[in-house]
Amino acid sequence: MFAPFQHAHLDHSHRRASRISPVNPDDVEGSNSNTRADRDDNEAVVVGSTAWHTRGSAQFDFRSDFVTTPNAAMLKAIVNTTLCDDETMEDPTTNDFQEYMAGLTGHEDALLVLSGTMGNQVALRTALASPPYSILCDSRSHILRMEAGGAATLCGALIQGVVPSNGHHLTLADVKKHIALRDDIYDCPTRVISLENTLSGTVMPIRDIYEISEFARRQSPPIHMHLDGARLWEAVEANCGGPGRLVMHARRFDSVTLCFSKGLGAPLGSIIVGSKAFIKRARVMRKLLGGGMRQAGVIAAPARAAVDQIFLGGLLRNAQRVAKFISSQWVMKGGKLAQPTETNMVWLDLEAAGISGESFADIMEDAGLRAFRGRLEGRIVVHYQICGEAVYALLGVFKNILGAEDEKDLEDLGGKEEPWRGISPPVLW
Ligand SMILES: *Cc1c(COP(=O)(O)O)cnc(C)c1O
């Protein structure tokens with residue numbers, strides 16, 4: 001069974017959401033449905049076999065963990081949410097969830113947003129007050145490469161992408177070398193250091209985070225530390241998991257963005273955590289960017305189910321084990337990796353294997369699997385909805401590319417333990 005998860009329970013006054021309420025399909029009846037037709041609708045939504053009740057094509061899709069689809073438990077959370085206005089901060093489900101996330105990350109307050117990009121951009125816009133200013137980040141960062149240049153358009157910020165000298169993650173030495181600290185008319189002072197964890201599936205060592213953060217806070221004025229923690233869950237899981245570790249990782253930053261719609265499988269939504277004053281201003285910036293919401297409980301409720309069930313329920317661990325198994329199979333067959341496999345991503349070095357990204361995507365498709373084309377080529381992302389059959393098919397693809405004689409190896413490594421087996425959550429589906 002899954003660890004029990006919490007969700008908001010609808011009460012008729014719509015005024016407060018209780019903290020813990022076991023999921024019970026019978027809850028739906030006698031909620032706020034007055035007519036027979038309403039009741040039939042509700043029952044059809046919860047009991048029927050819908051897209052919410054199957055993993056669909058996600059089980060064969062290795063493109064990203066964003067392909068995960070929301071499950072029946074998340075649907076139940078939506079059915080049981082309160083439906084009050086969030087712009088006036090009156091929705092108990094949303095308020096409770098924000099408080100819950102602030103608590104989980106060791107911050108004072110939190111703000112629900114629609115996407116990770118919105119979370120990063122709202123946080124940066126909030127942190128940057130008076131130009132000129134620049135943001136220092138890893139040259140591979142999502143905020144630099146994947147957010148349509150938002151920080152330049154929305155903040156007018158200069159973004160300085162730094163190539164990590166160790167090829168893996170930024171260190172204090174890298175930061176010191178590129179930071180603009182002088183109070184000088186020629187410089188564009190660094191006002192934000194934005195780190196990313198995980199970055200390309202790799203984990204930033206906590207020691208380097210501590211060193212950079214301490215340095216940033218010693219400056220006058222202190223440099224704002226932002227974390228793009230879209231996949232911070234994965235880094236925490238790789239560091240033995242648990243909510244205590246989440247606090248450890250998040251507390252070193254002034255603002256953190258976390259996503260619910262990647263490996264956690266919620267339909268949408270991200271959160272920004274920070275101080276009360278920061279979140280108060282971020283709420284204005286969210287509105288300015290068109291992200292103010294009405295009945296936000298429909299987003300907060302499944303997001304909370306996702307945190308409790310997928311992160312606290314330990315489902316990321318299994319996905320990471322499968323990723324490591326896949327990675328070891330590729331290497332055993334003579335393949336090289338472009339990045340180490342530290343969480344749920346395997347980066348195949350396609351060039352070393354003598355195959356183009358296009359041909360790789362073709363071979364994957366022939367095997368009934370999906371891989372990205374045109375970008376992020378050679379990246380295999382494992383998530384909790386990948387099925388065992390997909391893992392077998394992927395091993396077939398490896399064999400096809402690398403031409404290894406490996407039936408015996410496969411049996412030796414995978415046959416006994418079958419680490420991908422447990423990946424199907426039997427209770428849900
Ligand atoms: C996915 C992701 C985001 C946010 O992306 P959205 O698609 O806007 O939700 C931000 N940073 C990183 C590192 C991501 O992987």
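A residue counts as buried if 20 or more other C-beta atoms lie within 10 Å of its own, and as exposed if 12 or fewer do. The exercises below apply this to a predicted model, in which 49% of the 429 residues of the protein count as buried.

**Exercise 1.** Determine which residues of helix α8 are buried and how they are arranged around the axis.

*Solution.* Applying the cut-off along α8 gives D208, I209, I212, S213 and A216 as its buried residues. They cover an arc of only 125° around the axis, and therefore they lie on the same side of α8. The next step is to examine the face turned away from this buried side, where the exposed residues R207, E214 and R218 are found. Finally, one asks what covers the buried residues, and the answer includes α7 (172-178), β4 (190-196) and β5 (224-229).

**Exercise 2.** Check whether the end-to-end distance of α8 agrees with the span expected from its number of residues.

*Solution.* Helix α8 comprises 13 residues, 206-218, which at 1.5 Å a residue should span 18 Å. The C-alpha atoms at its ends are 18 Å apart, so the expected and computed values agree.

**Exercise 3.** Describe the shell of residues around the ligand, by position and by character.

*Solution.* The ligand is surrounded by S115, G116, T117, N120, H142, E196, D228, A230, R231, C259, K262 and S270. Sorting these residues of the shell by character gives two nonpolar, six polar and four charged. When the shell is instead sorted by element, helix α4 (residues 116-127) supplies the largest share, three residues.

Terms used. Residues numbered from 1 in each chain as written. Predicted model: local features only at pLDDT ≥ 70, side-chain atom pairs only at ≥ 80, totals over all residues. Helix = DSSP H or I, 4+ residues; strand = E, 2+ residues; numbered from the N terminus. Expected span 1.5 Å × (residues − 1). Arc of directions from axis to C-beta. Contact = placed C-beta atoms within 7 Å. Near = placed C-beta within 6 Å. Nonpolar A, V, L, I, M, F, W, Y, C, P; charged D, E, K, R; others polar.
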